[in-house]
Amino acid sequence: MTHVLVVYTDDEPGVLTRVASLFRRRGFNIHSLTVGPTERPSVSRMTVVVDTDANTARRAVEHLRKLVNVLEVQQLGQHAKVVRDLALIRVSANATQRSEVLQLVQVFRSNVVDIAEDSLVIECTGSLGKIEALVDTLRPFGILEMGRTGAVAMTRGLRTDPSLVSSSEPVRAESSQSMSV
Amino acid sequence: MEQTGAQIIWECLLKMGVDTVFGYPGGAILPTYDAMTGYPVRHVLVRHEQSAVHMADGYSRASGRTGVVVATSGPGATNLVTGLATAMLDSIPLVAITGQVGSGLLGTDAFQEVDITGITLPVTKHNYLVTRPEDIAPAIREAFAVATSGRPGPVLVDITKDAQQGKATFEWEKAMPTRHLRHIPPFPAAAELERAVAMINEAKRPVILAGHGIQLSGARAEVLTLAERADIPFAITLLGLGAVPATHPHSLGMMGMHGEAWVNQAIQEADLLIALGMRFDDRVTGRLKAYAPDAKKIHIDIDFSEFNKNVPVDVALGGDLLQVLRAILPKVQSARHTPWLERINSWRGDSAVRDIKNLPDDGHLYAAHVMHDLWKLTKGAAVVVTDVGQHQMWEAQYYHHDGERSLITSGGAGTMGFALPAAIGAKMACPDAEVWVVAGDGGFQMTFAELMTAVQEDVKVNIAIINNGFLGMVRQWQELFYESRYAATPILSPDFVKLAEAFGVHGQRVDKRADVASAVAAARAAKGTALIEFRVEQEDSVYPMVAAGAALHDMIRRPSPSPLAETGADPV
């Protein structure tokens with residue numbers, strides 16, 4: 001099953017390599033990995049979706065915590081969360097098919113961002129499931145090109161780790177890491 | 001006052017208490033070597049950079065201090081890789097400083113430019129590429145903090161030539177590291193500690209698995225208290241040998257692929273395994289599905305990513321072993337497990353009659369005899385540094401290590417060529433110790449150029465080469481699993497006595513057991529480094545053995561000597 005990890009790191013050269021190298025080295029299968037800036041100038045935020053069992057996901061978290069450049073890791077599995085992916089889809093559509101495609105796009109509350117003689121480019125933001133449903137719906141028309149960002153995720157409600165916004169060094173979010181199996 | 005980056009490097013090393021570094025100069029590190037002459041640091045010039053890391057490694061293992069390596073860019077840096085991997089797999093704190101081409105040349109494939117931070121990413125705890133002189137002190141100070149905190153390991157600091165040449169103010173206090181403290185794990189919850197205590201108090205057939213973490217944590221006394229109070233025998237990993245005393249009444253000896261049969265049998269029949277600072281390596285578990293099937297398992301380790309990696313455990317207590325044991329011990333009840341210990345002892349008797357020590361002296365020299373005699377002659381008090389292969393296992397079986405840090409060996413990586421340079425480093429860390437190298441004829445030939453380093457640095461190590469004319473452990477696998485097709489395992493050696501002479505060290509050859517004692521005495525008496533070549537039985541094998549992929553109790557036993565004969569008088 002998939003597990004969503006949010007990883008806060010120093011915004012330094014090479015940090016993405018360290019994270020990616022760790023996953024490769026340990027054989028953890030990355031479904032998607034996104035990285036971008038945060039509200040703090042020196043901190044980057046990665047959302048890593050891994051396709052693995054629960055124990056391996058836990059080990060991935062512990063390995064990430066050993067990286068010097070990692071400030072904090074949250075595993076979003078047990079929290080209510082928002083997970084969003086953005087897709088640009090170029091779909092084949094001539095003049096007669098165009099209105100049908102446009103209707104479908106509306107159903108998915110997506111946007112058409114480019115129209116050419118025999119194709120449309122659709123921008124869709126949503127959960128992984130919504131995008132996959134749109135892709136399935138459009139497939140009969142002929143998908144000419146598709147690009148996706150990979151997931152960006154955030155917990156719902158209050159931040160679990162308020163220390164991340166303060167100037168002090170963050171601490172782990174969980175109260176106890178000893179565990180029973 | 002402004003100083004050059006090169007001077008700042010040495011200022012940092014002095015602040016960290018470093019008085020010895022192992023290295024090899026070259027173009028990109030020249031400013032640092034030039035600045036070194038102004039500082040009270042002993043530089044050991046190696047003959048190959050790989051040996052510099054092994055020396056720093058041996059220095060660290062013998063003393064607990066952080067070993068320091070200096071090398072140049074390009075090939076100088078890539079030659080460190082095997083040594084770093086060796087230290088990484090065995091959790092040894094090291095700091096390697098490499099020169100790099102000028103920052104303006106980075107990425108241009110300049111002369112002797114290699115992306116060493118990229119290359120060493122998976123074999124270091126962390127590494128740095130420093131391009132400005134003001135970043136040197138924070139990087140080096142943090143490197144030492146990272147190397148020694150949590151589960152120790154090697155760290156590499158790559159410093160461009162212009163950063164060494166440029167000037168900055170040396171500000172030690174401002175370089176105080178904090179990032180290594182980001183993930184200090186919380187102490188195990190009280191309920192988890194209670195569960196572990198209850199399991200220990202209820203166990204009928206408990207076994208402690210004693211690992212290297214005991215040494216790294218300094219928890220020897222606490223482990224022995226646990227063993228003695230709750231009457232629990234302990235099996236020891238290769239790197240755990242010496243961390244707890246081999247001749248302690250509760251010591252079973254080494255576990256795993258070449259552990260004695262009674263040790264592995266005890267693990268397989270245990271109802272509780274208490275794993276202390278060890279990581280269930282494939283060499284100690286055998287086939288995982290068949291590993292200790294009836295045992296509950298408690299795992300105490302500082303590295304949380306080790307939990308449930310190979311063996312699922314019932315309670316995992318993450319943290320410093322010493323602190324966790326101190327929290328547990330007050331609640332551990334005094335107990336006696338006499339039937340269990342007697343049962344293990346009955347297996348021990350069964351193994352002992354097959355012991356090679358009991359073979360008659362038929363004129364052949366067995367490596368096991370050499371190890372046994374060396375143990376007796378040095379009263380078990382030497383620091384023994386082994387290479388990798390059959391001799392390593394015989395040493396582990398027949399040299400009984402009681403003292404802490406008295407066995408130095410490459411366990412995780414199994415790096416041939418490790419012994420001689422690591423021993424030189426160990427001797428420098430502990431000048432009063434009697435240091436012995438035990439190496440095979442194969443591994444010794446990988447790094448024997450370091451004999452000259454020992455001579456140049458006036459370091460005395462005693463060397464026992466176990467020469468069987470083969471890459472013995474590989475030959476043994478070929479004999480057992482490849483129908484004795486000895487592909488590429490017969491190996492010729494130079495005349496080691498003449499080789500010793502060429503290096504200006506004492507050399508001797510022994511091919512009879514009767515001559516072992518006098519040769520060892522002569523080597524110990526020799527003023528400088530001394531070498532003994534032991535010509536041992538060529539096609540001897542290490543037993544018992546758990547074949548790769550076999551269950552831990554499924555051991556290939558020693559061929560029973562028939563008719564069984566005792567040696568009678570022990571020659572030593």
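This report describes selected helices, strands and domains of chain B in a predicted model.

Residues are numbered from 1 along each chain as its sequence is written, and chains are lettered from A and ligands numbered from 1 in the order in which they are written. In this predicted model, local features need pLDDT of at least 70 and side-chain atom pairs count only at pLDDT 80 or more, while totals for chains, interfaces and linings use all residues.

**Domains**

Chain B is divided into domain 1 (2-180), domain 2 (190-348) and domain 3 (356-542); such bounds come from an automatic or database domain assignment. The centres of domain 1 and domain 3 of chain B, taken over C-alpha atoms, are separated by 31 Å. Between these domains, 24 residues of domain 1 of chain B are in contact with 26 residues of domain 3 of chain B, contact being defined by C-beta atoms, placed from the backbone, that lie within 7 Å. On the side of domain 1 that touches domain 3, strand E2 (20-23), strand E3 (42-45), helix H3 (49-63) and helix H5 (81-89) of chain B each supply at least two residues. H3(B) gives the most to that side, with 10 residues. By type, the residues of that side of domain 1 of chain B divide into 10 nonpolar, nine polar and five charged. Here Ala, Val, Leu, Ile, Met, Phe, Trp, Tyr, Cys and Pro count as nonpolar, Asp, Glu, Lys and Arg as charged, and the others, Gly among them, as polar.

**Helix H7 and strand E7**

Helices (H or I, at least four residues) and strands (E, at least two) are DSSP runs, numbered from the N terminus. Helix H7 (residues 136-148) of chain B has 13 residues and should span 18 Å at 1.5 Å a residue; its end C-alpha atoms are 19 Å apart, which agrees. The expected span is 1.5 Å times one less than the number of residues. Because 11 of its 13 residues are buried, H7(B) is largely enclosed by the rest of the structure. A residue is buried if 20 or more other C-beta atoms lie within 10 Å of its own, exposed if 12 or fewer, and partly exposed in between, with C-beta atoms placed from the backbone. The buried residues of H7(B) pack against helix H1 (5-15), strand E5 (94-100), strand E6 (126-130), strand E7 (154-160) and helix H8 (161-165) of chain B. Just after H7(B), Gly150(B) takes a positive phi of about 60 degrees.

Seven of the seven residues of E7(B) are buried, so this strand too is largely enclosed by the rest of the structure. Pro154(B), Leu156(B), Asp158(B) and Thr160(B) point one way from E7(B), and Val155(B), Val157(B) and Ile159(B) point the other way.

**Strand pairing**

Two strands pair if DSSP finds at least two bridges between them. The table lists parallel pairs.

| Strands | Bridges | Bridge partners or opposite residues |
|---|---|---|
| E5(B) and E7(B) | Seven | Gln100(B) and Thr160(B) |
| E6(B) and E7(B) | Five | Val130(B) and Ile159(B) |
| E17(B) and E18(B) | Five | Val438(B) and Ala464(B) |

An open sheet of six strands in chain B has the order E16-E15-E17-E18-E20-E19, with parallel pairing. Its edge strands, E16 (407-408) and E19 (506-510) of chain B, each pair on one side only. Helix H17 (residues 390-398) of chain B packs on the sheet, touching strand E15 (383-386), E17 and E18 of chain B, and its direction makes about 135 degrees with that of E17(B). Axes are lines fitted to C-alpha atoms, for helices over the stretch in contact, and angles run from 0 to 180 degrees between N-to-C directions.

Methods: Two residues are in contact if their C-beta atoms, placed from the backbone, lie within 7 Å.
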